[in-house]
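This report describes one chain, shown below, for a reader interested in how its elements pack and where its charged side chains pair.

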Amino acid sequence: MTHQLTFYEVLKINELLAFQTTSLIKSKLFLETVKGKTNTCLLERDIDLSTQEIKNLRSLLCPAF
């Protein structure tokens with residue numbers, strides 16, 4: 001049995017998705033700017049984490065994905 005999300009929950013998840021997506025874009029742009037420098041490993045982990053969080057949030061809205 002799947003849980004039906006309330007309108008408020010959908011709004012909050014969409015808000016989180018927008019924030020996470022913006023953060024991911026900024027991290028990717030920053031990574032391209034500093035590539036070849038020492039902290040790229042941290043940025044790559046941040047990008048991977050943000051990508052996974054976005055997938056998790058999207059799956060709450062549309063479990064078919």
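By about how many helical turns are Lys-12 and Glu-15 separated in helix α1? The two residues are three apart in α1, which puts about one helical turn between them. The model under discussion is predicted.

**The salt bridge**

Side chains of opposite charge can pair when their charged atoms come close. Lys-12 and Glu-15 form a salt bridge, in which the closest N and O atoms are 3.2 Å apart. A search of the whole structure returns one salt bridge. Lys-12 has a relative accessible area of 32%; because this value lies between the limits of 20% and 50%, Lys-12 is classed as partly exposed.

**The chain as a whole**

The chain contains two helices and zero strands. Its overall values are collected here.

| Property | Value |
|---|---|
| Buried share of the 65 residues | 20% |
| Share of contacts with a separation of 6 or more that join residues 24 or more positions apart | 62% |
| Exposed area of the chain | about 5,300 Å² |
| Share of the exposed area supplied by carbon and sulfur atoms | 63% |

**Helix α2**

Helix α2 comprises residues 40-61. At 1.5 Å a residue, its 22 residues should span 32 Å, and the end C-alpha atoms are 32 Å apart, so the expected and computed spans agree. The buried residues of α2 are Thr-40, Leu-43, Ile-47, Ser-50, Ile-54 and Leu-57. Viewed down the axis of α2, these buried residues fall within an arc of 110°, and therefore they line one face of the helix. Arg-45, Asp-48 and Lys-55, by contrast, are exposed on the other side of α2. The cover over the buried residues of α2 includes α1, which runs over residues 7-34.

**Gln-20 and its contacts**

Is Gln-20 buried or exposed? Gln-20 belongs to helix α1. Its relative accessibility is 11%, and because the cut-off for burial is under 20%, Gln-20 counts as buried. Which residues does Gln-20 contact, leaving aside its neighbours within four places in sequence? They are Ser-50, Glu-53, Ile-54 and Leu-57. Among these partners, Ser-50, Ile-54 and Leu-57 are also listed with the buried residues of α2. Gln-20 of α1 thus offers a specific view of the cover that α1 contributes to the buried residues of α2.

Note on methods: Residues are numbered from 1 along each chain as its sequence is written. This is a predicted model: local features need pLDDT of at least 70, side-chain atom pairs count only at pLDDT 80 or more; totals for chains, interfaces and linings use all residues. Side-chain values use heavy atoms; hydrogens and water are left out. Helices (H or I, at least four residues) and strands (E, at least two) are DSSP runs, numbered from the N terminus. Buried means under 20% relative accessible area, exposed over 50%, partly exposed in between (1.4 Å probe, protein chains only). Contact means heavy atoms within 4.5 Å. Accessible areas come from the Shrake-Rupley method with a 1.4 Å probe; for residues, only the protein chains shown count as cover. The expected span of a helix is 1.5 Å times one less than its number of residues. The arc is that of the directions from the helix axis to the C-beta atoms. A salt bridge is a side-chain nitrogen of Lys or Arg within 4 Å of a carboxyl oxygen of Asp or Glu.
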